[in-house]
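Student: I should like a close look at a single part of this model, namely one chain and the side through which it meets its partner. Please take the description step by step.

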Amino acid sequence: MKVKLLFFASLREQLGTPGEEVDLPSGVTTVAALREHLIQRGGAYGKAFGGKALVRAAVNQDMVQPSAPIQAGDEVAFFPPVTGG
Amino acid sequence: MRISVQREDFDAGAEIRRLSGDGSVGAIASFVGLVRDVPMTLEHYAGMTEREIAKIAHEAAQRWNVIDVTVIHRFGELRPADQIVLVAVAAAHRGEAFAACEFVMDYLKTRAPFWKKEHRAGAAEWVEAKASDDAAAERWTGAGKDPGATSSR
């Protein structure tokens, strides 16, 4: 299943990319599983998504909980807690 | 309702005058946030940011008897004393205008996807989210309670 990933702010800088298209293994169907999948890549991804890193997620531009499902064609964004206003 | 996420500066006076309406508006409460001390870059998630702000403004309009809402939030490079954000709420009476304006600001700080990066001498650092901002937004949850009703915060 193909999804579009987007990274913002410190996460974008840590990973060195604003996003990518990714083809996910069949077991990866939630935001939490996707995060775990990215941690398995190791390196910058392991650091950015692992441990106690505070990472928020949005699916198709709606803020979601880790248990939220993802489907083919979704736009999944990861970012640190927001600091606007 | 007017929602704008933009690089350019805004004229708060003109925006407030625009909300004056047709005679039904008795109160306009506004908030302008400014850059303090340090130059910064504001990053945002184009598309989601506008949607999230619109959701917050709609929520405010449902909770209070609000006639119109304007929210303008800038992104890009900003210097000390620059305007960052404007929230202006028009209502029949001041209580509703004040409450809705504060509600929109509190939720904007915790839900709208913006990230500040401060540029201090020789170093640039992402601003960390504050627990006090989450607490400010949370006081609006609870059964119809308004801030001030709970003394612990």
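How many helices and strands are there in chain A, and which elements of chain A give two or more residues to the side that touches chain B?

Tutor: The model is a predicted one. Chain A contains three helices and five strands, and along the sequence these elements follow the pattern β-α-β-α-α-β-β-β. As to overall dimensions, the C-alpha atoms of chain A fill a box of roughly 35 × 30 × 20 Å along the principal axes. The radius of gyration of chain A is 12 Å, which agrees with the value near 12 Å that a compact globule of 85 residues would have. Of the 85 residues in chain A, 27% are buried. When contacts in chain A between residues at least 6 apart in sequence are considered, 52% join residues at least 24 apart.

Turning to the side that faces the partner, the contact draws 14 residues from chain A and 21 residues from chain B. Helix H1 (9–15) and strand S5 (75–79) are the elements of chain A that give two or more residues to this side. By character, the chain A residues there divide into nine nonpolar, five polar and no charged.

Chain B also holds residues of note in the largest nonpolar core, which has 51 residues. B:Val89, B:Ala100 and B:Val104 touch the most other members of that core. Leaving aside residues up to four places away in sequence, B:Val89 touches B:Ile28, B:Ala29, B:Val66, B:Val69, B:Ala97, B:Ala100 and B:Cys101. B:Ala100 is thus named both among the core members with the most such contacts and among the residues that B:Val89 touches.

How values were computed
Residues numbered from 1 in each chain as written. Chains lettered and ligands numbered in written order. Predicted model: local features only at pLDDT ≥ 70, side-chain atom pairs only at ≥ 80, totals over all residues. Contact = placed C-beta atoms within 7 Å. Helix = DSSP H or I, 4+ residues; strand = E, 2+ residues; numbered from the N terminus. Nonpolar A, V, L, I, M, F, W, Y, C, P; charged D, E, K, R; others polar. Core = buried A, V, L, I, M, F, W, Y, C linked by C-beta atoms within 7 Å. Buried ≥ 20, exposed ≤ 12 C-beta atoms within 10 Å, placed from the backbone. Rg over C-alpha atoms; globule rule 2.2 N^0.38 Å.
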